[in-house]
Amino acid sequence: MREAAAGMFDLTGRVAIVTGGAGALGRDIALGLAAFGADVVVTGRTIATLEKTVGEIEKLGRSALAVACDVSRKDDVEALVQNTVQRFGKIDLLVTAAGIAKRFPAEDFPIEAFEQLMDINVKGTFLCCQAVGNVMKEQGHGKIITVSSVRAFAGHPGGYAGYGTSKGAVNLLTKQLATEWAKYNINVNAVAPTIFWTPLTQEVLEDEQLKQTFLSRIPMGRAAKTDDLIGSIIFLGSAASDFITGQVLYVDGGCTAG
Ligand SMILES: NC(=O)c1ccc[n+]([C@@H]2O[C@H](COP(=O)([O-])OP(=O)(O)OC[C@H]3O[C@@H](n4cnc5c(N)ncnc54)[C@H](O)[C@@H]3O)[C@@H](O)[C@H]2O)c1
């Protein structure tokens, strides 16, 4: 029993897809999965941006594959799944880390920006879950981790009418898929982090007043580091969470606690 417990987090032999694999979080998630034994397919809009991540995964002794894929395009997503199955024969885990952020006051929110947020964050997440979910259904197992945000939990004065709404949709999509696909032995959960200092949040970091607004809402008093996120991904991607589905795991220094 104790030996089995110790191996619960081992991902040796598992095949994972990480979308947004050239992004700050996607890259570190891919490396974290590889460190726990997984072979990893990383995706981004262009192959060139993924080469560094692929090299780093291979240095960890795992296999890696880079596939160009715009997650908002059905054809791209289907090709991604086809390439993965062709190379590795299966898909055990999907992490949907591709995403964008745009902030404007609600009263002036450009509809093009709103639509782009829905297209990439919501439709892009759904397309990936749907295409990978079909492979997992055939296999009879799989784990999907969507990447949400604390902005899905509550409103914020920083202009999140589009981004927050898109992540709220990701939360409900996660619960919906978990409910529909439990019978196929597919677990679907979300991680919902608070702010990291990445290219996505650069403009917040550069605005001292806004930065302080963010930090004042985090009881632990600091932004997240990617190391804070990896544990939740390994947990939700491994046997340790086999009886957990439809959950949104906030990785937020207490931000949503009070
Ligand atoms: N950084 C944060 O503070 C934070 C907090 C909570 C949630 N998140 C979420 O985490 C995820 C990753 O964020 P990040 O900080 O690594 O951002 P990032 O900008 O560093 O990475 C996002 C990646 O997604 C890719 N991408 C964008 N549109 C795409 C598309 N149509 N198809 C394929 N790839 C596309 C980008 O090229 C980029 O590589 C996002 O979903 C974001 O909403 C980030």
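Modeller: A helix is a DSSP run of H or I with at least four residues, and a strand is a run of E with at least two; both are numbered from the N terminus. This model is predicted, so local features need pLDDT of at least 70 and side-chain atom pairs pLDDT 80 or more, while totals for chains, interfaces and linings use all residues. Residues are numbered from 1 along each chain as its sequence is written, and side-chain values use heavy atoms, without hydrogens or water.

Colleague: Which helix gives the most to the lining of the largest cavity?

Modeller: A cavity is a set of points on a 1 Å grid over the protein atoms where a 1.4 Å probe fits but cannot get out; lining residues have an atom within 4 Å of a point. Residues lining the largest cavity include Ile 120, Gly 124, Thr 125 and Cys 128. Four lining residues come from one helix, spanning residues 111-139: α5.

Colleague: What volume does the largest cavity have?

Modeller: The structure holds one cavity of 30 Å³ or more. Thr 19, Val 71, Thr 96 and Ala 98 are among the residues that line the largest cavity. Its volume, the space filled by probe spheres on the points, is about 30 Å³.

Colleague: Where does the ligand sit?

Modeller: A pocket is an open set of points with protein on both sides within 12 Å along at least five of seven lines. The largest one holds about 830 Å³ of space. It is lined by 42 residues, with Ala 97, Ala 98, Gly 99, Ile 100 and Leu 200 nearest its centre. The ligand (more than half of its atoms within 2 Å of the grid points) sits in the largest pocket.

Colleague: Which element gives the most to the lining of the largest pocket?

Modeller: α2, β2 (39-44), α6 and α7 (202-205) each supply at least two lining residues. With three residues, the top contributor is α2.

Colleague: Which residue has a polar side-chain atom 2.8 Å from a nitrogen atom of the ligand?

Modeller: The ligand has 27 residues around it (a heavy atom within 4 Å), and Leu 25, Tyr 163, Phe 196 and Thr 198 are among those that come nearest. A backbone polar atom of Val 71 is 3.0 Å from a ligand nitrogen. The side chain asked for lies at 2.8 Å, and it belongs to Asp 70.

Colleague: How much of the ligand's exposed area does the protein bury?

Modeller: Phe 196 has a backbone N or O atom 2.7 Å from a ligand oxygen. Alone, the ligand exposes 820 Å² (Shrake-Rupley, 1.4 Å probe), and the protein buries 92%.

Technical notes. Polar contact = N/O pair within 3.5 Å; in protein donor to acceptor, adjacent residues only side chain to side chain.
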